[in-house]
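Me: Could you take a close look at one part of this model for me, the loop residues with odd backbone angles, and then tell me what sits around them? Keep it casual, but be careful with the numbers.

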Amino acid sequence: MTVAEQLRNEQADFVAGVAGELTAFLSARQAVMAGISPDIEPIMGSISNLVTGGKRLRALMCYWGWRGAGGEAGAGQVVTAGAALELFQAAALIHDDIIDRSDTRRGGPSVHRRFSQLHTAQGWALDSERFGQAAAILAGDLCLSFSEEAFTDIGERAASGSTARLIFNLMRAEVMAGQYLDILEEVAGPVRDRAGAVGRAQSIIRFKSAKYSTEHPLALGGALAGASDELLRGYSAFALPLGEAFQLRDDVLGVFGDPLTTGKPAGDDLREGKRTVLIALALDQASPEESAFIDASLGSPDLSEADITDIRAIIEDSGALQATEVLISEFSAAAFAALDGLELEDLSKTALRKLAEAAVSRAS
């Protein structure tokens, strides 16, 4: 069997294992929740629906971190860790969509939108939007609780004080901090020093996305397999710039992506008011009049297609899009150079390379 065939088979087995673990885990919790009230079913259904999709990037990074550190193929501990990461990811997505007022997720209604639609369909009293957001907050909180339960199920290797536990706890805290920095920049950015906007945006993507998308999952898998401190440092040197390139690509897609591919409306990041590195560069490099137009337009849910087209033109003409692509290339180069320096067997190194290539060149 070639390395490519082994990689494909092993990765498919792991992804199937994580899907099975999630199904079994949520089915068991569904039985408990049904004992409380059958009315809870829509919350459980929304969670199940969300964790059945996605690229499984974080779970796969965890798996190959495990394998690279000598962990056994398909072992139960890393499958459970993958499920815990997917549940945490679901919580982050649910809450992120509420914060960003995003009505779509993966081509369908976001969780808070599903609940507001349920409210309307049932003809319930009071405000459907408020109900949808409140129900989704609780669904996200339940996902966080489930994520902790699943991680604890790993056993001794995830016990209090272990390296894996410390990574898992730090990951969750950093995401919340990054989310706050993100919403703070949306409201404070227009009156803050513009010279520091790019640096603030880079800090946001590092803690809100980059670390938990790639660095922490890879290190988590390694720690569960007993990786040395040296290997964990090597993992970080590879995965952190990869995560930053991954998020910068996401920011580009949020403005220039094809809705049929991304599953979100064109220019959604502009309507949500996200002050990304791409936007910070545009504000810095565009004319004063163009910068003022972007500032006035960001965060408007009624932003027209014509306005979006105009902002895209400003971003391109100012050189901000090209500058962001250069940053993506620089972070990617740093990641691949660090990967080349890792002393891993061919299978794990090839798998990580393919994951990295897909992360920085994706269209969705």
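Reply: Leu126 counts as exposed, because its relative accessibility is 83% and anything over 50% falls in that class. Keep in mind that this is a predicted model. Leu126 is in the loop that runs between helix H5 (111-122) and helix H6 (128-152). The backbone is what makes the residue worth a look: phi of Leu126 is positive, about 65°, although the residue is not a glycine. Most residues other than glycine have a negative phi.

Arg101 is another case of this kind. Its phi is near 55°, again a positive value in a residue other than glycine. You'll find Arg101 in the loop between H4 and strand E1 (104-105), and the positive phi comes just after H4. As for cover, Arg101 has a relative accessible area of 47%, so it is partly exposed; the exposed class needs over 50%.

Since Arg101 follows H4, that helix deserves a moment too. H4 covers residues 76-99, which makes 24 residues, and at 1.5 Å a residue they should span 34 Å. The C-alpha atoms at the two ends of H4 are 35 Å apart, so the span agrees with the expected value. H4 is also mostly covered, with 21 of its 24 residues buried, where buried means under 20% relative accessible area.

Now for a pair of residues from separate stretches of the chain. Asn49 and Ala90 are 41 residues apart in sequence, and their C-alpha atoms are 9.8 Å apart in space. Asn49 belongs to helix H2 (residues 41-51). With a relative accessible area of 41%, Asn49 is partly exposed.

Last stop, charge. A patch of negative charge on the surface is made by Glu289, Glu290, Glu316 and Asp317. Helix H13 (288-297) and helix H14 (305-317) each supply at least two residues of that patch. Glu316 is in helix H14, and its relative accessible area is 46%, so Glu316 counts as partly exposed. That value clears the patch cut-off, which asks for over 30% relative accessible area.

Back to your loops, then: Leu126 has its positive phi of about 65° at an exposed position, while Arg101, with phi near 55°, is partly exposed.

Methods
Residues are numbered from 1 along each chain as its sequence is written. This is a predicted model: local features need pLDDT of at least 70, side-chain atom pairs count only at pLDDT 80 or more; totals for chains, interfaces and linings use all residues. Side-chain values use heavy atoms; hydrogens and water are left out. Helices (H or I, at least four residues) and strands (E, at least two) are DSSP runs, numbered from the N terminus. The expected span of a helix is 1.5 Å times one less than its number of residues. Buried means under 20% relative accessible area, exposed over 50%, partly exposed in between (1.4 Å probe, protein chains only). Patches are made of residues with over 30% relative accessible area and no salt bridge: like charges are joined within 9 Å, nonpolar side chains (Val, Leu, Ile, Met, Phe, Trp, Tyr) within 5 Å. Accessible areas come from the Shrake-Rupley method with a 1.4 Å probe; for residues, only the protein chains shown count as cover. A salt bridge is a side-chain nitrogen of Lys or Arg within 4 Å of a carboxyl oxygen of Asp or Glu. Lys and Arg count as positive and Asp and Glu as negative; His and the chain ends are not counted. The place of a charge is taken as NZ of Lys, CZ of Arg, CG of Asp or CD of Glu.
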